[in-house]
Amino acid sequence: LPEWEKLGFHHFWVGEDHFRIPKPFEVGGIFATIPEIMEQSLSGREDMKWTRDMVVGLISDTFAMSLVPQAIAPMVDVARNKKGFTGAPILSMSLERNKPEAQYDPWTSETIRQLVQAVPEGAPDWMRSPKQLQYLLEGYFGTLGRYAIQAADIATREITGAAPAPAMNKRDIPVVGSFVRDGVDASRYTTELYGMARDVQALDATIKRYQESGEDRQAKALEQSAAARLKNKAGLQKASRDISKLRKEVRKVMERRMMDRDTKRERLDRLNRQINQMAADAVKKYQRPFRQAGLP
């Protein structure tokens, strides 16, 4: 599970059914989350970086000791392309390369995708990017905003003739979804893999920049200090490519007009399980030098 799920909720299973109960904020943090963090760390199942990140998350989220005022927090998240509560990227690496109007994925609101088409090209990127605009609306209007967008999407899909959405899980039902977590969730490992891949990409680009500008000493020093991470470049690229292929399959399934909603849901869950497994395998295989460096 992602760290924010562990920080904010008690999780339990009845057979294969996954349920969660919100922790009572500060009391839950002190008497539940802190002992859980200590147990995971002392048992050796997690390393010190994980422990540090969880403690920082507990202080900033649960105890509300963030240095960023809530009034501007969603805008700050968009500027740094990182969801403040979960730590996941708002725009994936592939979406970042697109023009703002094309920054959407199968889970982006159809209503917002239609709305941004009317926004002038000279407007700020966040107003023209469906993914960023949806994040801001949900960030400022919370759960009610998300439910309102979902309701609007039903009408928008009918009007525009868009492909039908997959069958709803219990988690998609207002209120019920806060406690029942069926379907396939995003894994913490997909976020970690994204961070590792970005780090290697930045290292590689910086070394080439030094070399092109004749700063050979800096290039060599960076190559030596980051050698352990750079050694995993090919493996991380392959894992990213394999996951990218699966995400393309996800998009194809979402865009199929003749596929019924139940079949869509079954195929999407299967593809997302594969994505989670690939990300977990890659992170466990290549993470050591990154975590030693305090990344990602």
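Here are three short exercises on this predicted model, each with a worked solution.

Residues count from 1 along each chain as its sequence is written, and side-chain values use heavy atoms, leaving out hydrogens and water. Local features need pLDDT of at least 70 and side-chain atom pairs 80 or more, while totals for chains, interfaces and linings use all residues.

**Exercise 1.** Find which residues make the nonpolar surface patch, and which helix gives the largest share.

Start with the rule: patch residues have over 30% relative accessible area (Shrake-Rupley method, 1.4 Å probe, only the protein chains shown count as cover) and no salt bridge, with nonpolar side chains (Val, Leu, Ile, Met, Phe, Trp, Tyr) joined within 5 Å. Next, pick out Met75, Trp126, Met127, Leu137, Tyr140 and Phe141, which make a patch of about 530 Å². Now place them: α7 and α8 (130-160) each supply at least two residues, and tryptophan 126 lies in α7. Helices here are DSSP runs of H or I, at least four residues, and strands are runs of E, at least two, numbered from the N terminus. The largest share, 3 residues, belongs to α8.

**Exercise 2.** Work out where the two partners of the lysine 99 salt bridge sit in the chain.

A salt bridge needs a side-chain nitrogen of Lys or Arg within 4 Å of a carboxyl oxygen of Asp or Glu. Lysine 99 pairs with glutamate 121 at 4.0 Å, N to O. Lysine 99 is in the loop between α5 (93-96) and α6 (110-115), and glutamate 121 is in the loop between α6 and α7 (125-128), 22 residues apart.

**Exercise 3.** Count the salt bridges in the whole structure.

Apply that rule everywhere, and the search gives 21.

Definitions and conventions. Patch = residues over 30% accessible without salt bridge, like charges linked within 9 Å, V, L, I, M, F, W, Y side chains within 5 Å.
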